[in-house]
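Subject: Structure for your files, with notes

Dear colleague,

Please find below the structure I promised to pass on, together with its sequence. My notes follow it, and I would be glad if you read them alongside the coordinates.

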Amino acid sequence: MLFRSPEVAIKGGVADWRADLYALGVMTFEMLTGERPYNDRSPTKVIMAHLNAPIPSVSARRPDLRPEVDTFMQMALAKKPEDRSPHAQAFYESFAASPR
């Protein structure tokens, strides 16, 4: 539930491979910061944050990372599937190109 993309969280939402890239973005965020992008004791609040809250800044939590990592995370955690990477290879290339 904590890695669900916004389109999966919406009742009747249709998901494709971009939902998996979103989940990978959530895991990447957690690996970089040690925290999930949205955290609350209430699962409903977490789901609502995935749907509506701004994407948190990685560099605010990890000032040692370059701002380009935030650009990558904005794309990885985009609320709309069409705003995410067009495919897994592009996701990887975008992350690999982000200076750390």
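Pro86 sits in the loop that links helices H5 and H6, where helices are DSSP runs of H or I with at least four residues, numbered from the N terminus. With a relative accessibility of 54%, Pro86 counts as exposed, given that exposed means over 50% relative accessible area, buried under 20% and partly exposed in between, with a 1.4 Å probe and protein chains only. Its C-alpha atom is separated by 7.8 Å from that of Arg18, although the two residues are 68 apart along the chain.

Please bear in mind that this is a predicted model, in which local features need pLDDT of at least 70 and side-chain atom pairs count only at pLDDT 80 or more, while totals for chains, interfaces and linings use all residues. Residues are numbered from 1 along each chain as its sequence is written, and side-chain values use heavy atoms, with hydrogens and water left out.

As for the two helices that flank this loop, the axes of H5 and H6 (residues 88-97) come within 9 Å and cross at roughly 160°, the axes being lines fitted to C-alpha atoms, for helices over the stretch in contact, with angles running from 0 to 180 degrees between N-to-C directions. That makes H5 roughly antiparallel to H6, a term applied to angles over 145 degrees. In the contact between them (heavy atoms within 4.5 Å), Phe72, Met75 and Ala76 of H5 meet Phe91, Ser94 and Phe95 of H6. By class, this contact has five nonpolar residues, one polar and no charged ones.

The buried residues of H5 are Val69, Asp70, Phe72, Met73, Met75 and Ala76, and they pack against H2, H4 (58-61) and H6. From the side of H2, Thr28 is buried, with a relative accessible area of 6%, and, leaving out residues up to four places away in sequence, Thr28 touches Phe72, Met73, Phe91 and Phe95.

The largest nonpolar core (buried Ala, Val, Leu, Ile, Met, Phe, Trp, Tyr and Cys residues joined through side-chain atoms within 4.5 Å) has 18 residues, of which Tyr38, Val58, Val69, Phe72, Met73 and Leu77 touch the most other members. Helices H2 (17-33), H3 (43-52) and H5 (67-76) each supply at least two residues of this core. Beyond its neighbours within four places in sequence, Tyr38 has contacts that include Tyr22, Val46, His50, Ile55 and Lys79.

With best wishes

Methods: Parallel < 35°, antiparallel > 145°, perpendicular 65-115°, else oblique. Nonpolar A, V, L, I, M, F, W, Y, C, P; charged D, E, K, R; others polar.
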